[in-house]
Each structure stands twice: as structure tokens, then as C-alpha cells.
Amino acid sequence: MNHAIIVAAGESTRLRGTVNKILMTLEKKPLLLHTLEPFEKSQFIDEITVVTSKSLIEDVTSLIIQQGFTKVKNVILGGKERQDSVYAGLKKIKAKADDIVVVHNGANPFATESLIGHVASNANDFGAAVVGCKVKNTIKEATKENVIVQTLNREHLWEMQTPQAARYDLLIRAYV
């Protein structure tokens, strides 16, 4: 059985007190629904756990019920940091050691069924997989005093994104 943990417990602090970004509308629907749809439709995902903040549990649960998502089995309270929210999700799911767990950011509506399948399949084959893209920006290394030491060679740099996937036993060991 494969699981998805959608982390949506952030407080959207960069939006300076306006609506939480997972509830902002995109094409007349809250962002979170766009994020959940490809996971709900994916043949690679059997169950979804949404991890959110205390202030959003009711709203998120209502949206999921209204949308008729059947794979969402849990809407739970997240932690202070993203890693705490992922760990809360890992503790909640009922997974076997070789089950694949796909972790994705609730505010990222651009994952596709194909991408989810690709990362889940690679995690099944190799133990873990992550979506990434080559860095395009110039990256500098600096001292504590903000003095530039060097320009890093971007040919060797990758930006990690979500979804990220791993076998349950590997992922849970990383957290304990």
C-alpha cells in the first residue's frame, strides 16, 4: 500500500496575516484542493494523510468532505516545523516497512499524476526518490560575516522539490 502525506501546516507568514495560502483560490477552488486532486486520482496512492495547523483542521476537513475525496483517511495536527509535521504523518499512517510514502507540500498544486507515479516507482526501485531540477541562479558561499568565499559551480547543484518518496522503513528511521 502506498501513502501520501500532504504537509499543509504552515502559517503563511510571508503573506503577512492575510488568508492562509492553502485556502487561497486558484481557478475558483482553494489551492489545497488542486494539490490533493492528482494524489486522489493517482493509481500509485492508496491513502492520503493531510497534516495541517490547529486553526485549519475544520476548514480542511470540510473542504475534503465537500470535494468527496475518498483516499484522504486522516486530517491531523502538524508540528512547529515541516519535519515535525512529516513525522506526525508518519506516526499516524499504518504502513508496512516496504510501503512507499510520498511527501508533498500542500501549497504546491503543480504535481501531476505522472510525476507522482514516477517518484513512487523510483522509490520502490531504489528505496527513495525526489523531484529536483538543476539550479539556474548563481549561488555564493559566504562566511558568517557575509563575505563571499566562492561562487558554487551550478553544474553540480540541484534544487530539491516535492513530491519526495521513500520506503516507510527508511523514512521512519530518519525521524527516530
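## Loops, sheet and helices of a predicted model

Lys28 is located in the loop that links strand 2 (25-26) to strand 3; helices (H or I, at least four residues) and strands (E, at least two) are DSSP runs, numbered from the N terminus. The structure is a predicted model, in which local features need pLDDT of at least 70 and side-chain atom pairs count only at pLDDT 80 or more, while totals for chains, interfaces and linings use all residues. Residues are numbered from 1 along each chain as its sequence is written, and side-chain values use heavy atoms, with hydrogens and water left out.

Although Lys28 is not a glycine, its phi is positive, at about 70°. With a relative accessibility of 83%, Lys28 counts as exposed; the term exposed applies over 50% relative accessible area, buried under 20%, and partly exposed in between (1.4 Å probe, protein chains only). Asn146 is another residue other than glycine with a positive phi. Asn146 sits in the loop between strand 8 (140-142) and strand 9 (148-151), and its relative accessible area of 65% makes it exposed. Positive phi values also occur just after two helices, at Gly68 and at Gly127.

| Residue | Phi | Place |
|---|---|---|
| Lys28 | about 70° | loop between strand 2 and strand 3 |
| Asn146 | near 65° | loop between strand 8 and strand 9 |
| Gly68 | near 80° | following helix 2 |
| Gly127 | about 100° | just after helix 4 |

**The sheet.** Six strands make up an open sheet of mixed pairing, in the order 5-4-1-6-10-7. Its edges are strand 5 and strand 7, each of which pairs on one side only. From one strand to the next, the twist averages 20°. Two strands are taken to pair if DSSP finds at least two bridges between them. Strands of a sheet pair through backbone hydrogen bonds, either parallel or antiparallel.

Strand 10 (residues 158-167) is antiparallel to strand 6 (residues 100-105), with four bridges between them; here Val103 stands opposite Gln164. Strand 7 (residues 128-134) also pairs with strand 10 in the antiparallel sense, over seven bridges. Within this pairing, Ala128 has Ala166 of strand 10 as its bridge partner, and Lys134 has Trp158. Strand 10 also contains Pro163, which is joined to Thr162 by a cis peptide bond with omega of about 15°.

**Helices on the sheet.** Helix 2 lies across strand 4 and strand 5, and runs at about 170° to strand 5. Helix 4 packs on the sheet as well, touching strand 6, strand 7 and strand 10, and its direction makes about 130° with that of strand 7. For these angles, axes are lines fitted to C-alpha atoms, for helices over the stretch in contact, and the angles run from 0 to 180 degrees between N-to-C directions. Contact means heavy atoms within 4.5 Å.

Helix 2 (residues 57-67) has Val60, Leu63 and Ile64 as buried residues. Viewed down the axis of helix 2, the buried residues fall within an arc of 95°, so they line one face of the helix; the arc is that of the directions from the helix axis to the C-beta atoms. An α-helix has 3.6 residues a turn, so residues three or four places apart point the same way. Glu58, Ile65 and Gln66 are exposed on the other side of helix 2. The cover over the buried residues of helix 2 includes strand 3 (29-30), helix 1 (31-41), strand 4 (47-52) and strand 5 (72-77).

In helix 4, the buried residues are Ile116, Gly117, Val119, Ala120 and Ala123. Their cover includes helix 1, strand 6, strand 7 and strand 10. Helix 4 (residues 113-126) has 14 residues, which at 1.5 Å a residue should span 20 Å, and its end C-alpha atoms are 20 Å apart, which agrees. The expected span is 1.5 Å times one less than the number of residues.

**Salt bridges.** A salt bridge is a side-chain nitrogen of Lys or Arg within 4 Å of a carboxyl oxygen of Asp or Glu, and the count by this rule is two. One joins the side chains of Glu37 and Lys29, with an N to O distance of 2.4 Å. In this pair, Glu37 is buried, at 18% relative accessibility, while Lys29 is partly exposed, at 23%. The other joins the side chains of Asp169 and Arg167, at 3.0 Å from N to O; Arg167 is partly exposed, at 27% relative accessibility.
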